[in-house]
Amino acid sequence: MSESIDVTGRLRKMPAQAGDPVAYTLAVGDTRIPLNDLIGQTVRLDFDGVIRCIHCDRTTKKSFNQGYCYPCFRKLAACDSCIMSPEKCHYHQGTCREPEWGEANCMVEHVVYLANSSGLKVGITRGSQVPTRWIDQGAVTAIPMLRVASRYLSGLVEVACKNHVADRTNWRAMLKGDVPELDLVQERRKMLELIEDDLAQLRAKHGQDSIRVVEEVSLGLGYPVQVWPSKVKTHNLDKTPEVEGLLEGIKGQYLMLDTGVINIRKFTGYEVRFRVLD
């Protein structure tokens, strides 16, 4: 089956299903390719120079915010600065770019969580995005800590947590498999103690039921990796439109080849040809 794989189309973020290990799919146009089965085989990506916006489908010379053209980047709520900094959400001020989108995606329950992807970090996500968000970050374990009423409120809680813990993943350490063991139940307990006063202030302003402590269990995640790279070299389709190598693993949104790693999500909207050469 793998010998017949030769498809052309627009790249999308890799869908993934939690399992032992996580099961990845490569989305190229309308084709969905099970990737775990291809580990140990030589694959090739050829970028043909065309980038199409994943929202409006227009051709763009440059991709913004992982797949959008510049006009969509400027007008869509999904591309607003508050997506990266949720504490800057301005929906309540009546200035959301797309109020209906905001109601569906921001004014819904969010989870504030702790994860171990390259060490302890705090993060937020919509409740419906658990565990997808954790997989995309390459977390080996993650645990919900709080459930809050909106994205804005989750951002305020995250800001309080960032005084004590990182909110970023060291992606190079994550891809090397260089991840320390952590007891996330214990880390959650310590974090809740550290931000106790902050939570009290937020509840006083936004309502006692707006922030709920949860006792949900942690989730462990394993990834389909045969060989961990000792050094992380990255492939960039903008600079080198032909990428080829032995597929040695998949983690986060990265394909790990013996020639380097490539972040598939970064090149969302790129028209490519994907082949298995073995």
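**Salt bridges, sheets and a cavity**

Let's start with a single residue: at 25% relative accessibility, Asp-167 counts as partly exposed (between the cut-offs of under 20% for buried and over 50% for exposed, with a 1.4 Å probe and protein chains only). Keep in mind that this is a predicted model, where local features need pLDDT of at least 70 and side-chain atom pairs count only at pLDDT 80 or more, while totals for chains, interfaces and linings use all residues. Residues are numbered from 1 along each chain as its sequence is written, and side-chain values use heavy atoms, leaving out hydrogens and water.

Asp-167 has a partner: its side chain meets that of Lys-162 in a salt bridge, at 3.5 Å from N to O (the term means a side-chain nitrogen of Lys or Arg within 4 Å of a carboxyl oxygen of Asp or Glu). Lys-162 is partly exposed too, at 34% relative accessibility. The structure holds 15 salt bridges, so there are others to look at, and some reach further along the chain.

Take Arg-212 and Glu-109, whose side chains meet at 2.7 Å, N to O. Arg-212 sits in strand β9 (residues 211–213) and Glu-109 in the loop between α3 and β6 (110–116), so this salt bridge ties together parts that are 103 residues apart in sequence. (Helices, H or I with at least four residues, and strands, E with at least two, are DSSP runs numbered from the N terminus.) Arg-212 is partly exposed, with a relative accessible area of 38%, and Glu-109 is partly exposed as well, at 35%.

Next up is Asp-80, which forms a salt bridge with Arg-97, with the closest N and O atoms 3.7 Å apart. Here Asp-80 comes from the loop between α1 (70–75) and α2, and Arg-97 from the loop between α2 and α3, 17 residues apart. Asp-80 counts as buried, at 11% relative accessibility, whereas Arg-97 is partly exposed at 31%.

Asp-80 also brings us to the empty space inside. The count comes to one cavity of 30 Å³ or more, with a volume of about 80 Å³ for the largest. (On a 1 Å grid over the protein atoms alone, a cavity is a set of points where a 1.4 Å probe fits but cannot get out, and lining residues have an atom within 4 Å of a point; points are joined across faces, edges and corners, and the volume is the space filled by probe spheres set on them.) Its lining includes Asp-80, Cys-82, Ile-83, His-90, Tyr-91, Trp-101 and Cys-106. Both α2 (81–84) and α3 (99–105) supply at least two residues each. By class, eight lining residues are nonpolar, two polar and one charged (Ala, Val, Leu, Ile, Met, Phe, Trp, Tyr, Cys and Pro are nonpolar, Asp, Glu, Lys and Arg charged, and the others, Gly among them, polar).

Now for the sheets. One is open, with six strands in the order β1-β14-β5-β11-β12-β13 and antiparallel pairing (strands pair if DSSP finds at least two bridges between them). At its edges are β1 (6–10) and β13 (260–263), each pairing on one side only. Inside the sheet, six bridges join β5 (residues 42–51) to β14 (residues 270–276), and Leu-45 has Phe-274 in β14 as its bridge partner. A salt-bridge network links Arg-44, Asp-46, Glu-244 and Arg-275.

Another open sheet has three strands, ordered β2-β3-β4 and paired antiparallel. Its edge strands are β2 (16–17) and β4 (31–34). Four bridges join β3 (residues 23–28) to β4, and Thr-25 stands opposite Pro-34 in β4.

Terms used
On a 1 Å grid over the protein atoms alone, a cavity is a set of points where a 1.4 Å probe fits but cannot get out, and a pocket is an open set with protein on both sides within 12 Å along at least five of seven lines; lining residues have an atom within 4 Å of a point.
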